[in-house]
Amino acid sequence: MNTRLRRLRQNPEVRRLFQESDLQPRHLVQPYFVVSGCGVQKETRPGIGLWQMSADVCAKDALALLERGVGGIMLFGVPDIKDDTGAKLSEQLSTLQRTVDTIKKARPTAVVFADVCLCSFTTHGHCGIVHEGTIDNDRTLPVLADMSVLLARSGVDFVSPSDMMDGRVAAIREALDAASFSQTGILSYAVKIASAFYGPFRDAAHSAPQLGDRSSYQMPANNRREALRELALDEAEGADALLIKPAMTNLDLLRDARERTELPLFAYQVSGEIGMIRAAADAKMFDYDRAMLETLVSMRRAGADTVISYYARQWLV
Ligand code: PBG
């Protein structure tokens, strides 16, 4: 035998030296669901890290997490009032804006992402404007652009469109630049699969579609070439970073993306993924933390620079 791979595994220090992919706090982004009120802190399904928090609690929690080295935070606004036109966005975003403001006053360099999508903001729960019974792509673009400018104005560093309308990255870039936010970046959810794994999120974000589903705008899980087109298109439209979700079922696409673009890549370990691991661990099938860390390092190995995961807070707090 002239090859013995066990030579590279013989003790912890040898293994550390030869380690290829790693997972550090800076590689993770923690999502939060920002709700109205004061002193609100509610995990919508215990144990899987989807926290609804009011602005005061969220800002404090996020600052503590950033202090522990987490890469950034991702904010989802969950407004009390719903509106189907986009006319009430500034009112609907006020709690989220207050959160960003508090965080930025305490820590100006905190990296803050905010989701751009209409599903939590409308009565019907679709990600775009509904017109004559369809989700109207081109009527949605200016609303997403307005939302992005409002978020940029409140100090968000990266707006993160997750709606899957065509042309939204270009529309958002143009609106940001026109409003003098040329420094505000776009993390685009380029490959977002119409997935069963978003279930727990929709409770936390109040965003379940009231009729129909999202398959006329989110991507089918069946199509690899279509995913590559989504990635290329968002890059061409000016995205600063690209995101793929869910993560665990799309590690191949993450690897494809890594080989085709030089842009930073994000994976989103979605609510149903962490929920599935929690449920299996609760049923004593395996150790929760070991399983979580294994999935996260697999995403790094597949090509993710950063992983958005509800586990960040569980790991670091
Ligand atoms: C909103 C959005 C969704 C997720 C992130 N942004 C849900 C959806 O499309 O229904 C899912 C995240 C998760 O499940 O953790 N468009």
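This passage describes the ligand site, the cavities, the largest pocket and two backbone features of a predicted model.

The model is predicted, with local features requiring pLDDT of at least 70 and side-chain atom pairs counted only at pLDDT 80 or more, while totals for chains, interfaces and linings use all residues. Residues are numbered from 1 along each chain as its sequence is written, and side-chain values use heavy atoms, with hydrogens and water left out.

A good place to begin is the ligand. There are 18 residues around the ligand, and K192, R202, K245, S271 and Y310 come nearest (a residue is near a molecule if one of its heavy atoms lies within 4 Å of it). By class, this shell holds 10 nonpolar, three polar and five charged residues; here Ala, Val, Leu, Ile, Met, Phe, Trp, Tyr, Cys and Pro count as nonpolar, Asp, Glu, Lys and Arg as charged, and the others, Gly among them, as polar. Oxygen atoms of the ligand are met by polar side-chain atoms of Y310 at 2.5 Å, of S271 at 2.7 Å and of R214 at 2.9 Å (a polar contact is a pair of N or O atoms within 3.5 Å). Taken alone, the ligand exposes 400 Å², and the protein buries 100% of that area (accessible areas come from the Shrake-Rupley method with a 1.4 Å probe).

What surrounds the ligand can also be viewed as empty space. On a 1 Å grid over the protein atoms alone, a cavity is a set of points where a 1.4 Å probe fits but cannot get out, and a pocket is an open set with protein on both sides within 12 Å along at least five of seven lines; lining residues have an atom within 4 Å of a point. Two cavities of 30 Å³ or more are found in the whole structure. The largest cavity has a volume of about 180 Å³, given as the space filled by probe spheres set on the grid points, which are joined across faces, edges and corners. Of the 21 residues lining the largest cavity, F76, C119, S162, K192 and F201 are the closest to its centre. At least two lining residues come from each of β4 (72-77), β9 (185-192) and α7 (199-205) (helices, H or I, of at least four residues and strands, E, of at least two are DSSP runs, numbered from the N terminus). The lining comprises 10 nonpolar, six polar and five charged residues. The ligand sits in this largest cavity, meaning that more than half of its atoms lie within 2 Å of the grid points.

The second largest cavity contains about 30 Å³ of space. Its lining includes M164, D166, R168 and E230, and helix α8 (residues 224-236) gives the largest share, three residues. Three nonpolar, one polar and five charged residues make up this lining. The largest pocket, in turn, holds about 190 Å³. Among its 13 lining residues, N137, M164, D166, S216 and Y217 lie nearest the centre.

Two backbone features complete the picture. Most residues other than glycine have a negative phi, and most peptide bonds are trans. K245 and P246 are joined by a cis peptide bond, with omega about -15°, and P246 is in the loop between β10 (241-245) and α9 (251-260). E132 has a positive phi near 50° and is found in the loop between β6 (130-131) and β7 (134-135).

Conventions:
A polar contact is a pair of N or O atoms within 3.5 Å; within protein, one must be able to donate a hydrogen and the other to accept it, and residues adjacent in sequence count only if both atoms are side-chain atoms.
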